[in-house]
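Welcome! Please take a moment to look over the sequence and the structure shown here before reading on.

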Amino acid sequence: MELFGGTFQKLENSLNYASAKNRTISNNIANVDTPNYKSKDVAFKNVLNEELNTSFETKRTHPKHIPFNNVNSNQSFQTFTDKNSMYNHNGNNVDIDKEMSDLAKNQIYYRSLVDRMNGKFSSLQTVIRGGR
């Protein structure tokens, strides 16, 4: 039996993503002056992949078409490096304003997830205590 219909698992995956994103942003900020450092980001792909796998079947009509079934489902997000841009004369591409904005957005997202999880635990506690 899944308690709350899998909500805790989805919240846990979302919290893992938010934590990974926070570590990545913090690392980018810490390396803002490091020569030739390339900024990193975290992409959340699990939701899209689940929709693609459950909504429709894909058919490759050409060998160069991208297959949808070669997805690594063990990890719901991945970290990638932006190698195509350069903002500073030393080869660094960290935009501190963008990173600080992303950090603030991610903190708000993380807090909302924690609040949601606390609400679920509070509801469970209320049920256990008999509605008091």
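The notes below cover a helix, a recorded domain, two topics on aromatic rings and one buried residue.

This is a predicted model. A good place to begin is helix H3, which runs over residues 96–128. Helix H1 (7–30) is part of what covers the buried residues of H3, and the aromatic pairs described below bring in both helices again.

**Helix H3**
- H3 is made of 33 residues and reaches 48 Å from its first C-alpha to its last, close to the 48 Å expected at 1.5 Å a residue.
- Glu99, Asp102, Leu103, Asn106, Leu113, Met117 and Lys120 are buried in this helix.
- Just after H3 comes Gly130, which takes a positive phi of about 90°.

**A domain from the record**
- An unreviewed UniProt entry places the feature "domain: Flagellar basal body rod protein N-terminal" at residues 15–38.
- Along residues 15–38, the chain is 67% helix and 0% strand.
- The C-alpha atoms at the two ends of residues 15–38 are 25 Å apart.

**Aromatic pair of Phe8 and Phe121**
- The structure holds 2 aromatic pairs, and Phe8 and Phe121 form one that is tilted, at 4.8 Å centre to centre with 35° between the planes.
- Phe8 lies in helix H1 and Phe121 in helix H3, so this pair ties together parts that are 113 residues apart in sequence.
- Phe8 is buried, with a relative accessible area of 17%, while Phe121 is partly exposed at 45%.

**Aromatic pair of Tyr17 and Tyr109**
- Tyr17 and Tyr109 form an aromatic pair too, and this one is edge-to-face: 6.3 Å centre to centre, with 75° between the planes.
- Here again distant parts of the chain are linked, with Tyr17 in helix H1 and Tyr109 in helix H3, 92 residues apart.
- Tyr17 is buried, with a relative accessible area of 13%, whereas Tyr109 is partly exposed at 30%.

**Asn28 and its surroundings**
- Asn28 is found in helix H1 and is buried, with a relative accessible area of 0%.
- The side chain of Asn28 makes a polar contact of 2.8 Å with the side chain of Tyr37.
- Leaving aside neighbours within four places in sequence, Asn28 is in contact with Tyr37, Ser39, Lys40, Val94 and Glu99.
- Glu99, one of these contacts of Asn28, is also among the buried residues of H3.

Terms used: Residues are numbered from 1 along each chain as its sequence is written. This is a predicted model: local features need pLDDT of at least 70, side-chain atom pairs count only at pLDDT 80 or more; totals for chains, interfaces and linings use all residues. Side-chain values use heavy atoms; hydrogens and water are left out. Helices (H or I, at least four residues) and strands (E, at least two) are DSSP runs, numbered from the N terminus. The expected span of a helix is 1.5 Å times one less than its number of residues. Buried means under 20% relative accessible area, exposed over 50%, partly exposed in between (1.4 Å probe, protein chains only). Contact means heavy atoms within 4.5 Å. UniProt positions are given in the numbering used here, feature names are shortened, and annotations may be inferred rather than shown by experiment. Rings of Phe, Tyr and Trp (its six-membered ring) pair if their centres lie within 6.5 Å; planes under 30 degrees apart count as stacked, over 60 as edge-to-face and the rest as tilted. A polar contact is a pair of N or O atoms within 3.5 Å; within protein, one must be able to donate a hydrogen and the other to accept it, and residues adjacent in sequence count only if both atoms are side-chain atoms.
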